[in-house]
Structure formats: structure tokens, C-alpha cells
Amino acid sequence: MAETNPPSTTEVDEKLYSRQLYVMGHEAQRRMMASRAVLIGMSGLGAEIAKNIILAGISSVTLCDPEMPNSFDLGGNFYLDEGDLNKCNDDDDDDDDESSSGKRGRAAVCRARLAELNEYVKVDVATNVSSLRDEAGLLNLVHGASVVVITVPLPTSLLCAINDACRASGNQTCFIYALSTAVFGRVFCDFGDAFVVSDKDGENPATSQVETILTSNPALVKVLEDQGRHGLETGDHVTFSRVVGLDGLLSNNSGQSYEVKVTGPFTFELCGLDASTCSEPATQGYITQVKTPTTLSFKSYKESLENHGELMMSDFAKFDRPPLLHLAFRALAAYAEAHEMEYPQPGDMVAANEVWELAKTLDSEKILENDPKAAQRIVLHLASGSRAILSPMCATLGGIVGQEVLKACSGKFTPINGFFYFDADECLPEAPLADVTPSGTSRYDSTIAVFGKEAQQKLLDLNYFLIGAGAIGCEMLKNWALMGVACGDKGKIHITDMDRIEKSNLSRQFLFRNKDINEFKSTTAANAAVDMNSDMNLVAYQEKVGADTEHIFGDDFYDKLDGVCTALDNVDARLYVDQRCLFYRLPMLESGTLGTKGNTQVVIPHVTENYGATRDPPEKSIPVCTLKNFPNQIQHTLQWARDYFEGEFKQSSEDVNSYLSNPDYAESLAGQHSKIETVLAIRKTLVDERPVSFEDCVVWARLKFENLFNNPIRQLLYNFPEDQVTASGTKFWSGSKRCPKPLTFDLNAKCEDAQMRNHFDFIVAAANLRAQMFGIKGRTDEEYFVEVLQNVIVPDFSPQEGVKIATSEAEAKDSENAAPSALDAEENIEEVLASLPKPGELAGFKLNPIEFDKDLDDHMLFVTACSNLRALNYSIPTEDTHRSRAIAGRIIPAIATTTALVTGLICLELYKIIGTPQKELNIDAYKNGFVNLAIPFMTLSEPTPPSKTKTIVKGKEWDWTAWDSLDMNVGDITLQQFINYFETEYNLEVSMISHGVSILFSFFGNKKKLAERMNMKMSEVVQSVSKKELPPNQLFITFEIIATDRDTEEDVELPYVKFRFR
């Protein structure tokens, strides 16, 4: 276990694992692809873990569970249904899946469906284990395994024996034991005495740029402050590249790492490096943190039972809960061992109290004495619901344990060391329910065992709107299918997603298969959910949720909903949905992931703040002058390359097509700031540089190389020579301004960092994209390009006098705003348009605009090569296509484990929303969550209440929030009646009424118009003033009013008016 498995030599499928690779990295992925996991127990939690690690792409998974499915399993295992209960194997052709009892065990039933998740993963069933008490058979499974995971109750002696066998195995197999019982969970990890972690947190190495390195002993480094803090800690190690100055001291030791002693947020010393003899300080360079492996030591299960050590927290409001749960699970295990490994039946309070008595006898630390009543409630609930398998808990723990398995296989990220306990007891009634006897045949036996029949009926009758059918949407539907959400006669789920399925979705959106690629996500996900629970009522849409679809998702639609669940990937859409939920006072379940990080937010009307109440600051944009002339980071060159792609291959085609299809094209340019540039670009594309063969495209690409990476750099250096100094006497090319160098074309050149043939790649990609634009067949064979490029004549270039180059953002804006006189511009435009072929002469001719798609390799080859060549101009470290794709495509890293976890947490909140028997829930019962599976870290916290606005109405104080409105359900009354209503109901004098941007009434308005409106109905006034018809499905109109108290004449601050006119 000191070393994880050597990496697989199999090539990583970057299309499939695209988003996951930005979490795990290629090296960790290859190690996973050489690993084998053994899963003992295939109830709900086992199925979740299996699903997550198979999607992640480990080499093989062996399932071991010969036990027959029971009705409790159906609450968490999505590949079991009522038909599998006690089913014989008569219809099974695979003898390997047959258990010795002649009936199919849980592992055999699930194997084929799990194997469908990933064609690269071998999934088999352990056939030499007769039962979960077969010690010899279970111990044999340890051999050759990277990790053994147990998810069902086993005798303590057997657990310890398996753990010992793992420790004694040749490669010290990692051992994980996890249980999910009702709303309580337990995870234990033992990865051996010396487990090597290659990257403890998964964060990108800290990077910064040198402002100066002083000639001191030790050398003192100051980083550029406008790039942010260096993000280092004392003891970290860093490497340097492209360092200018310091007599080559750091340049000559390329790749060597130096220990850091931090002296400030922007400064640090290099321990042991004496720079005092250097003749000049360093003025530029790149700094990169070095990730160093760490070795962790774990205790065995036997040791940890007696001395659990520090227990990982998940909710600091329940700081005393982990020790209590440790004791309670020990008592439950003792009960099971005394009753042939059977847990108490739901509602069996005699058995539950026996567990309580066992807990008291095991309580050597006097944990139960702190709050005996509260402790007894937890222990009794754990015992009474111990057989219940709930999908949200399986998803939550399955995400956590799934990631621990990947850590064991890859050596990446910090494992849980010892025990972790989790609970959601806020969902539970005060005491275990009595009438919860299981039917033995229903998939809802687990839910009823914990929450009762009434709660289950509420779930069946729910009407919910799920927005998004991606990774979170798929996991949500799976959980809901097992919970029974919208599976009753009154229930319905509406799901919408505009997107179609791509291959990169398959590694985490587990309801989709290869055969589903290019199908709509929403329809496919809905069908898959119905396959899990045929009673589920679903309606699938392929519509965006926004202002332009309110004719579909309007008042009448939201009026029938019980809540909204978002599974979105952008903030703007979330904010729109948030406003809808505010208006209709609907709960909103919100979650999101970023690699191993995840967050959840539950929004409850009048109880919590809404999603949009707090927002992150907007991202900083890159200054124009930096992009054009002074890049210093690969992000700058990639943005520049993307912008160039957009202009050259999309905008230019669209401009040409617009000219050819619009007979009044000249008039359509009116008001456009850059119209002369537009028509000149059209002439260049349509006339001057129009290709007729692919050879023309290659020549064009070769000349573009000069026009992008040689000529403009020579002009820049002509304007600002390398030794240029500013008016203050400082070097012009210093700090964030890196002195560039022109590139000389070399077909065989390779860049040092990314090891890419950027010169050649640029020509191939640019020529083929150009050919695609003009409908010319392209090619990629190198021999052809070598032959054509030998004959290209590159015109000479000489820098020119009088060329202005902006050196700051202000100068860039001035240059952008500067334009030729209107008269000259019009004359030039007319002259250029006259030189173009008439549209009639090119009847039927049309260019193909190419929109950048990060998932298309030829697009990314161009952007990467273009970016790297620009980076080489400025001595910026280059990046390969994989990393460039992430930056240029703004790809959000994603992995199935985090997705499963956040949806589990969200669904636990849904139990609270439908109502907990026997008690009213306050805000402290709800939980927002933040997790980082890499560290690992989890914190659940009470949501923030909505902020209040204090006002006085009719002499009484009213604290209203964003959830409040003045609701009027008095029919479509006239404007005069509306004003009178506020006088009589609120003692307010209305001075202004507005709807959106339209003012309907104001004391200073036109008297004649106001008089006409007074007898019009409010809906008529709105339509008259706004000049827009109200849609037939609209039930409400919102008004903002300004009013004063009639007695005090004080202004009264009021929420909006929600006026129901239909």
C-alpha cells in the first residue's frame, strides 16, 4: 500500500472522461485503469458505490452478494424492482451469476446493468462465496484487489479478519467499511501503515510571476501584485522558468525546486539560495508550486473500534454527535451478533430498547450522560430504522465512499482516516413511529419504516419541476424514482433540458448509454427513470426556462407545482428560476458541483433567503491592450486565439452571407461603429483571399502565420525596442510587459513545455477550417503540406513609421473610439462595396460559418496552436490541447461521486419540505451544504433567514421580506377601484403605479389620459400603455406602487403588488 498500482498503459479515452480528467488528471486516471475493487454487499449503498466507480473507469469490479433481494433493498438499489424479490434464476442464461441456493443474489441481479455503464470496466460476480458468513470465501477475494469495500453488516470478527487480510496482502489492499441505515451513515477507512498520497488536495499548483528577485542571501522574491497573492506556505517548494536576470542563476537550474519561507502575501525567501554575488536582480519569470507526495498512516478496524481517535465532523451544530453515533453503531452491531446478524424490525420498540441498553453497557466514555434524552432518541431511531435503505442516504454515502475507492486506486487526494459519521436526524419525527410494519413486497417499505405512510403518500403526490437533465438531473430522477416522488395518481414531474447527449456526458450522467448519443437528454432521462419505477409520472420538454418561454412555463404552470429543483450549469438561469420561485412562493432545491467540490442550498418560502439574495462578484475581464499587445499568461493567449477563431471563421462568413442575402446591405450598416472594417473584411474574404482549391487554403494559412506571429511583433519592437525606457526611467519591457520575439516558421519546431508541433499544427488546422468555410475538401497528410509549403512565397515586411499601438486600457479605448470622418467613411464604404461582386453574380454561393466548439478536436487544434505560438512570442509557458481545452472552453471539472453526494443531500431536504410527522420544522432543521471530497471536508449549516424591511401600515409595524407581496385576488377591477382598495384596506394614498418600465398612473401625469384610464380594467390599462397583449396563460400582473400614509403623510416602503386578474 506504500505505492498504488502502476499506471495502465491503455490510452485514456479523453472523449469519455473529458470532464473527469480535469478532476483526476491523466496519471491518476491511468492508475485507476489498472486497479481492481471488490464490493461486498449490493444493497442500496453497494449499488451506488459500484455505479460511481464504474463510471469513473477503474479496471475491474468484483461484486459479492449472494443474498436474495428484499423489499428494503428497493429503497436504495436502482437496478432492483419488485419483480426481483425471491426471483429464481430460470430466466438467467449466465451460470456464473448463479448462487448456490439456486436463486439469483443481489450481485447477480445487478451485474449486467452495472456493466452497461462503462465498456472499459470488467464487472464480474464472485461465484465462490456461498453466503456473507463464508469467511474463507470472503478472505479469498482480497488477493489481487486494490481495495475491498464492505457495505453490509458483518460480524465484527469477520470484519477484523478481512481488514487483517488486506493489511497482510502483498500490496496492502485498502479496506473500507460503510453502512447506511435510515438517515444514519458510517464510513471507515484503513489504507495501511504507509499510504502515499501524490496530491493531497487536487488544487492546481499555485502560480505567480516575478516582479523582482533581489540580489540577497537568501534570495528574496516579490511577485506581481496585480496577479494576486502567491498562495504559498512556508515549507512549500517552487520551480522557476523564463527568469530574466540574476546572471542566469535560476535559468541555469531549470527544473530544480527551492524551499520557500513566506515573508508576506507577495514576498518569500528561497531557503539556501545565495544571490548576493549576482550583478543584477531578476525582473521577470514564472513561479510554479511543486506538489510533493505525503505518506499517511492508518489504524486497523479493530484498533479504531476501541480508540476511534479524532472523528471527522460534518455539522458543527452537532459537534457531540460523532462519538454518540460511534457508540450507537457499536451497540447495533452487538445486537445483530446476538440475533443471527439481523437488525431490529421497523417499529419494534422492544428490540430498539435492547439496543439502547447495549449502548449503555458499552458507554465507557460516559457519552450518554451529557444529554440522556436526546441520546436515547438517536439510538432508538437508529435501531428502529436500521433495516431501512433510503436512496438519498445511499447517494450521499455512495458519493463519499466512491471517492475513497478512487483515492485508494489512484493515490490522489487525502483519504478519510478512520471513522466518519453522518446523519440527518432533523428529518425524523420526535419518536420512532409505530404503524410501520413492512409489506415485504413494496419498494416504499424503507421510507414507511422511517417516515410513515402519510409521508410516503405526500411524496407520491408531489408535483415538481426539474430544470436540467445533466449529471445532477439524472441523479435526482434516480433518487426520486426510488423515493416514489410523483409516482401517485396526483403526482407529476416536469423535466426540461435543451441539450442533446454527447459522449463526454456518459462518465457521470448515468441514465445515458452510447446508443443515446445525440438524443435529447430530458426525454432519455425520463424514459430511464420510468424504467426504474413504472409508476413515475413524467413530462419531458426540450425548452429553455426563461422569459421567452413563459407561454409554456407561465402562471398556470407554476400554479400547479409544489416546488422546483434546479440542475443548471449557469448562474443567470438560476437567478431567473429564483425569481419565479419567489413570485410563486415555491421551495427551490439548488445544487452545483466543481470537481470534488459541491454545494447545496435549500430555499424555503418565508423561512430562508432566496438564491439571488447573495451573489459572487463577477469575473474580471482581460484588458484589451493586454490581449492585443502585452499578454503574460496562457489565459491571455487562449482568449486571443478564441477571439481570432470567432472573427476569422465565424464572423467573416456571416458578414459575407449577410452581404449576399441582403439587397439593402449598405443601409443595414447604418449605426454600426466599425462598418468600414466590416466591408473591407468582406472584400478580403470574398475577393482578395477567396480560395478555389485546398492548396490556396494552405498558402493562406502560411501567410497568416507571418501576419500573426512575425510581422506584428516586429512592428511592436520597432515602436518599443527592447531597451526602451519610460519617462520615469524604468524599463518599458518589465513587470507584466514581456518583451516579445518574432517567430521564424519551422515546420518541425516543438515547444519545450507542451511538446507540440505548433507551427505545423497551426497550418493544418487553419487550412482545413478555411477549406470548411468555403466548402472545399481538406486533408491532413504531412507530405502534402511539406510539398506545398516549399513553394509559398512570403512577402517581405518592414516596420512602418506612424503606427499607433495602445500601451494602456485608456489608450486602447481612445483608439477604438477614433474613427475617420463620417464623410470619408461613407465614401470609402461605397467604394469598397462597388468593388465587390454583385450578389446576383454569386447566386447560390454561401459560406459556412464555423462556431467554436471546445469538444471538436480540429477547433481545439487551431486554438491551442494559435495560443501556443502567441505564447512563444512572449516567452509564456505553453499548454497541451487537453489543458487548453479546459481554459478556452471554460470547462467545469466534474465527477460522478460529487454529483451523487449533492443530490443525496438535496433529497434529504425534500423529506423535510414535505413535512416531518409529529413536529414543526424551524430554520435550524434545514441544511445548506458545502463539501470537498478531495480533502475530505463536509460542513452542513443552517440557512440564512431572509432580510427584512421594516414599514408602518395602518399604524402597525410590518417586517416584510423578498417573499412577501401585497396579494390582490379581487378580480380584474378598474384603476379607480384599485386606488380605492389601498385607501380602504391600507389607509394609503397611491401616488404612482408602474408595471415593468410602464407608468400606469402618477399624480403628475396627463390629466386627460389618467381620466380615461380610471374606468379601464387593470389588465386593459397594462395592455394599453405597454402596447403588449397579455398571454392567455397569464394569471397575475405585478405592480410597483409609491404610496403615503394618509394620516402621517409619511412615505411607506412596500413590496410589489401581486394582482390576480384571471
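Q: Within what distance must ring centres lie for rings of Phe, Tyr and Trp to pair?
A: Rings of Phe, Tyr and Trp (its six-membered ring) are assigned by their planes as stacked when under 30 degrees apart, edge-to-face when over 60 and tilted for the rest. To pair at all, their centres must lie within 6.5 Å.

Q: Which residues form one aromatic cluster with Trp640?
A: This is a predicted model, in which local features need pLDDT of at least 70 and side-chain atom pairs count only at pLDDT 80 or more, while totals for chains, interfaces and linings use all residues. Residues are numbered from 1 along each chain as its sequence is written, and side-chain values use heavy atoms, with hydrogens and water left out. The structure holds 58 aromatic pairs. The cluster joins Trp640 with Tyr644, Phe645, Phe649, Trp700, Phe705, Phe709, Phe745, Phe762, Phe852 and Phe862.

Q: Why is the pair of Phe649 and Trp700 edge-to-face or stacked?
A: The ring centres of Phe649 and Trp700 are 6.2 Å apart. Because their planes stand at 65°, the pair is edge-to-face.

Q: Is Phe649 buried or exposed?
A: Buried means under 20% relative accessible area and exposed over 50%, with partly exposed in between (1.4 Å probe, protein chains only). Trp700, at 7%, is buried, and Phe649, at 0% relative accessibility, likewise counts as buried.

Q: Which charged residue sits over the ring of Trp640?
A: A charge sits over a ring if NZ of Lys or CZ of Arg is within 6 Å of the ring centre and within 35 degrees of the ring normal. Over Trp640, at 4.3 Å from the ring centre, sits the charged end of Arg870.
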